[in-house]
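Here is a short report for a reader meeting this structure for the first time. Take a look at the fold before reading on.

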Amino acid sequence: MKVIVVGAGVVGTMHAWHAVERGHEVVHIEREAEARGASLRNFGQIWVSGRAGGEELDTALRARELWEGIGARVPGLGFRAIGSLTPVRNELERAVAEAAAARPDAAARGYELLTADEARAVNPALRGEFEAALWCERDAAVEPRTAQLALREALLATGRYTFLPDREVRDVVGEHAVRDDRGEVHGGDAVVLCTGASLSGLVREVAGEIPVRRVRLQMMQTDPLGEPLTTSVADADSFRYYPAYASGALDALNAGQAQDPTAAAHRMQLLMVQRLDGGLTIGDTHEYEHPFAFDTLEDPYEHLTRVVESFLGRPLPRIRRRWAGVYAQCVDTTRVVHRQKVRDGVWLVTGPGGRGMTCSPAIAETTANELGW
């Protein structure tokens, strides 16, 4: 079988991976010289912690298993089974963590409520003031800026993979084929369109208006911290954002503790991961209203700096990079991904939202299973 994959972000690359793994030939087409969208502009977190129970959690756990297996074969992914800690500062926040640790699926997530001293034993860099922390053992990390490159190197080594950069697909031609902007037609037995946040143009022509929206975020990365940050770190604002934490305790937190005005205005949470070079990737904001701003705002960065410094108990290293990104998210956020047959032999896969890096191996595996690869 020959599979045409359009889009070289993590979702497209994982579709290519599963096709090659099953013995098929893949032609992988990317409109840029390298993918430059949401797949690079994220935390690199394999984030099981906050996933909704049921299909979303099952997908994340399967993806976590796949990431670990692929990481063992492709060291360039930088896979680390580091877990995460969410420090809490008061009884209202602690009650949400306790409710999460009491969930029926808490063991599957690796949830455990730790004392402050226990949390510092797991992550000694957290020298700031907090009362306790929710530990999630199943969380992990990879390197988002290099993951696709490492996967592609492994795919090229199989001899069954061809990468075609700098080609924008303009048309779906009949069944099982696409035409690029150089006029070349690429045909096979199946076509998978993994176009990320590009929802107009080709996608609109072949799929119409789909129930997927675009979301913008701001993030930053620091110089090396100078010591290990041995886990990912979140703050209690993540309780307000992720569906796993819905509970009466969360209702009480929302009613009794106002979110910081800057965090509320920009729909923020803290997530933080240490990169292999020692720097910290820190975010993020969420913007849903179109048209998006073309610039980045300083208030969110200042808020994130204050929160991080309060957990670390020390000044943050110099900010090395700031950036904005845009990803595609299903309007019905309970859906893990939008998967649509748009022509015979042609499928569109998009809209995983902030779950793309976490769930992409399992999303692609499901596509492969459904298409009978």
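The report below covers the cores, the helices, two buried residues and some backbone features.

The model is predicted.

**Cores**

The largest nonpolar core has 46 residues. Met14, Val26, Trp67 and Trp373 have the most contacts inside it. Several helices give two or more residues to this core, including α1 (10-21), α2 (55-73), α6 (147-156) and α12 (356-371). Strands do so too, among them β1 (2-6), β8 (161-164), β12 (190-193) and β19 (346-350). A second core is separate and has 30 residues. Phe43, Ala97, Val215 and Tyr288 are included in this second core. In soluble globular proteins, nonpolar side chains tend to be buried together.

Trp67 deserves a look. Leaving aside neighbours within four places in sequence, Trp67 is in contact with Val10, Met14, Ile46, Leu77, Phe79, Val142, Met357, Thr358, Ser360 and Pro361.

**Helices α1 and α2**

How do these two helices pack? The angle between α1 and α2 is about 75°, and their axes are 14 Å apart. That makes α1 roughly perpendicular to α2. From α1, the residues that meet the other helix are Val10, Met14, Trp17, His18 and Glu21. Their partners in α2 are Leu66, Trp67, Ile70 and Arg73.

**Helix α3**

Helix α3 spans residues 91-101, and Glu93, Val96, Ala97 and Ala100 are buried in it. They lie on the same side of α3, because they cover an arc of only 95° around the axis. An α-helix has 3.6 residues a turn, so residues three or four places apart point the same way. The buried residues of α3 pack against strands β4 (84-88), β5 (111-115) and β6 (132-136). They also pack against helices α4 (106-109), α8 (237-241) and α9 (248-256). At the start of α3, a side-chain oxygen of Asn90 comes within 3.1 Å of the backbone nitrogen of Leu92.

**Two buried residues in strands**

Arg216 sits in strand β13 (residues 212-222). Arg216 is buried, with a relative accessible area of 6%. Its side chain reaches the backbone oxygen of Asp295 at 2.7 Å. Not counting residues up to four places away in sequence, Arg216 touches residues including Thr285, His286, Glu287, Phe292, Phe294 and Val326.

His338 belongs to strand β18 (residues 338-343). His338 also counts as buried, at 7% relative accessibility. A polar contact of 2.7 Å joins its side chain to that of Gln340. Beyond its neighbours within four places in sequence, His338 is in contact with Ile210, Pro211, Val212, Cys330, Leu348, Val349 and Thr350.

**Backbone features**

Which residues are joined by cis peptide bonds? One such bond joins Gly283 and Asp284, with omega about 0°. Another joins His290 and Pro291, again with omega about 0°. Asp284 is in the loop between β16 (280-283) and α11 (298-312). Pro291 is in the loop between β16 and α11.

Asp166 has a positive phi and is not a glycine. Arg267 is not a glycine either, and its phi is positive. The table gives their values.

| Residue | Phi | Loop | Relative accessible area |
|---|---|---|---|
| Asp166 | near 60° | between β8 and β9 (169-172) | 42%, partly exposed |
| Arg267 | about 50° | between α10 (261-265) and β15 (271-274) | 36%, partly exposed |

Terms used: Residues numbered from 1 in each chain as written. Predicted model: local features only at pLDDT ≥ 70, side-chain atom pairs only at ≥ 80, totals over all residues. Heavy atoms only, no water. Buried < 20%, exposed > 50% of the residue type's maximum accessible area, 1.4 Å probe, protein only. Helix = DSSP H or I, 4+ residues; strand = E, 2+ residues; numbered from the N terminus. Arc of directions from axis to C-beta. Contact = heavy atoms within 4.5 Å. Polar contact = N/O pair within 3.5 Å; in protein donor to acceptor, adjacent residues only side chain to side chain. Core = buried A, V, L, I, M, F, W, Y, C linked by side-chain atoms within 4.5 Å. Axes fitted to C-alpha atoms, helices over the stretch in contact; angles between N-to-C directions. Parallel < 35°, antiparallel > 145°, perpendicular 65-115°, else oblique.
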